[in-house]
Amino acid sequence: MLGLSAAILPPSGTADTGQTAVVMVENLNLRAKPGLSGKPLTQLARATRLPIIERANGWIKVKYKTKAGYIIDDPRFVQVVAKGSGDGVSGLKQTTDQLEK
């Protein structure tokens with residue numbers, strides 16, 4: 001029975017939480033590991049939508065193209081929405097106006 005269960009479950013670290021991260025700023029760093037010390041893999045543009053794999057310790061593990069990476073879990077930079085719930089960027093102008101103050 002254990003073999004059957006393993007076949008049904010997704011591989012470790014690739015589970016989909018049913019949530020999406022929406023980038024709220026220009027040039028958000030996507031990192032290979034959680035933390036600020038590592039070199040960014042790439043920079044993500046505003047309104048980029050990323051499926052969330054997991055959230056822990058102030059970081060969000062996301063799927064980007066064919067790879068997984070980490071973005072900071074901070075509402076100033078990322079909005080977390082349920083999949084299929086609107087565009088995820090409503091209030092973007094208000095949020096960016098607040099950041100500029």
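## Exercises on a predicted chain

Confidence in this predicted model bottoms out in helix H1 (residues 2–8), with a mean of 39, and peaks in S2, at 98. Here pLDDT is the predictor's confidence in each residue, from 0 to 100, and helices (H or I, at least four residues) and strands (E, at least two) are DSSP runs, numbered from the N terminus.

Residues are numbered from 1 along each chain as its sequence is written. Since this is a predicted model, local features need pLDDT of at least 70, side-chain atom pairs count only at pLDDT 80 or more, and totals for chains, interfaces and linings use all residues, while side-chain values use heavy atoms, with hydrogens and water left out.

**Exercise 1.** Work out where pLDDT stays under 50.

*Solution.* Start with the whole chain: mean pLDDT is 79, and 66% of residues reach 70 or more. Next, go to residues 1–13, where pLDDT stays under 50 and the model has three contacts beyond four places in sequence (contact: heavy atoms within 4.5 Å). Then add residues 87–101, also below 50, with 18 contacts beyond near neighbours in sequence.

**Exercise 2.** Trace how S4 pairs with S1 and with S5.

*Solution.* Two strands pair if DSSP finds at least two bridges between them. Step one: S1 (residues 19–23) and S4 (residues 49–56) run antiparallel over three bridges, with Ala21 opposite Leu50. Step two: S4 also pairs with S5 (residues 59–64), antiparallel over four bridges, and Ala56 faces Trp59 there. Step three: S4 and S5 make a hairpin with two residues between them, and Asn57 in the turn has a positive phi of about 50°.

**Exercise 3.** Decide whether Arg31 is buried or exposed, and list its contacts.

*Solution.* First, place Arg31: it's in strand S2 (residues 28–31). Its relative accessibility is 9%, so Arg31 counts as buried (under 20% relative accessible area; exposed is over 50%, partly exposed in between; 1.4 Å probe, protein chains only). Now skip neighbours within four places in sequence: Arg31 touches Leu36, Gly38, Lys39, Pro40, Leu41, Trp59, Gly69 and Tyr70. Finally, check Gly69, 38 residues away along the chain: the two C-alpha atoms are 5.4 Å apart.

**Exercise 4.** Do the accessibility and contact check for Thr20.

*Solution.* Thr20 sits in strand S1. At 5% relative accessibility, Thr20 counts as buried. Beyond four places in sequence, Thr20 contacts Arg49, Leu50, Ile52, Gln79, Val80, Val81 and Lys83.
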